[in-house]
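Work through the exercises below with the sequence and the structure at hand. Try each task before reading its solution.

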Amino acid sequence: MLLFSVAIICGLFILMWSADKFIDGSAALADHFGMPSLLIGMLVVGFGTSAPEIAVSVLASLEGNPDLALGNAYGSNITNIALVLGLTALISPIVVESGILRKELPLLAAIAAVSALQLYDGELSMIDALVLLTLFCSMLGWTFVVGLRKKRDALSEEIEQELQEHCMPLSKSLLLVGSGLVLLIASSRMLVWGAVGIADILGVSNLVIGLTVVAVGTSLPELVTSIIAARKGQHDIALGNVLGSNMFNLMIVVGIAGVIHPFPVNPEVIDRDIPVMGLLTISLFFFGFGFRGPGTGKINRLEGAILLSVYIAYISYLALTAFQGS
């Protein structure tokens, strides 16, 4: 038990640190090669913050733990909206100014609906996984087109500011990308090993461990990035990093897991986790899109408190039902 706990703690710490360095290095590297700042914000940061989920889910699938992989993906999306944005909005209300993010909000809702419908037959098939990866490739193409065409946006201005503050030579950015990637894989292996071990000892399902401990751990980069960005007044980065990460989780994390190992879906995912994720995604769509009037897209402190309360209630319910059934 102690060894598994140490593996989880060390794995989470190294995972968070390496993800942060990987994102910094990747953004700087993209800037060195002339990638537009808007494209860096939409693609590089989104991919970087999802790197922990991708690494953990790939390893879990390869080791025959699909529940852990799926729980990590859906749990991270729930955690990103309810915990990350809820806590961030309590610290500093999130104002949505970027036109790009307003387009991504309905896109995220649509992708969440597609991924949920795929699971209602009780399995994630190879075809389902390939559809998700095809959607990702389509979104990638749209991202490139928009990022190259649109020159100025609130998100691009905030990314430019960040790049200037974290300017680094090419050699350092390459070193951060390489070392960050190696440590991501190593720490993910530690985390998966420790999580599966703890689940076996406590008699808790891998799904619940994936939805809670692993999901929170892999969402730490989003939490740190969003809080820091919000405190700097960079609200579009705070929201954009969550939107990008959630779309990546649904398409790449679940898609790759399904390609590696198509698997039956636990009924609890369909009855409990998908509805929670769906409601949170819809609430985010309404909060951030600005239906209350022009230019008022905002997640205020009250809405942040509601999101955080939903997360606490969800985790409490998971814990209660997990230990009652063990």
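The exercises concern a predicted model and go from the whole chain to single elements.

**Exercise 1. The whole protein**

Task: State how many helices and strands the protein has, and what share of its residues is buried.

Solution:
- Count the elements: there are 12 helices and four strands.
- Turn to burial: of the 326 residues in the protein, 56% are buried.
- Look at the surface: the protein exposes about 13100 Å², and 71% of this area comes from carbon and sulfur atoms.
- Consider the contacts with a separation of 6 or more: 87% of them join residues 24 or more positions apart.

**Exercise 2. Met-251**

Task: Decide whether Met-251 is buried or exposed, and list its contacts beyond its neighbours within four places in sequence.

Solution:
- Locate the residue: Met-251 lies in helix 10, which covers residues 235–260.
- Apply the cut-off: a residue is buried under 20% relative accessible area. Met-251 has 0%, so Met-251 is buried.
- List the contacts: with neighbours within four places set aside, Met-251 touches Ile-111, Leu-132, Leu-133, Leu-135, Phe-136 and Met-139.
- Take one partner: Ile-111 is 140 residues from Met-251 along the chain, yet their C-alpha atoms are 7.9 Å apart.

**Exercise 3. Helix 7**

Task: Check the end-to-end distance of helix 7 (residues 170–202) against its expected span.

Solution:
- Find the expected span: helix 7 has 33 residues, and at 1.5 Å a residue it should span 48 Å. The rise is multiplied by one less than the number of residues.
- Compare: the end C-alpha atoms of helix 7 are 47 Å apart, which agrees with the expected 48 Å.
- Look past the end: Gly-203 follows helix 7 and has a positive phi, near 75°.

Technical notes:
Residues numbered from 1 in each chain as written. Predicted model: local features only at pLDDT ≥ 70, side-chain atom pairs only at ≥ 80, totals over all residues. Heavy atoms only, no water. Helix = DSSP H or I, 4+ residues; strand = E, 2+ residues; numbered from the N terminus. Buried < 20%, exposed > 50% of the residue type's maximum accessible area, 1.4 Å probe, protein only. Contact = heavy atoms within 4.5 Å. Areas by Shrake-Rupley, 256 points an atom, 1.4 Å probe, with all protein chains shown as cover.
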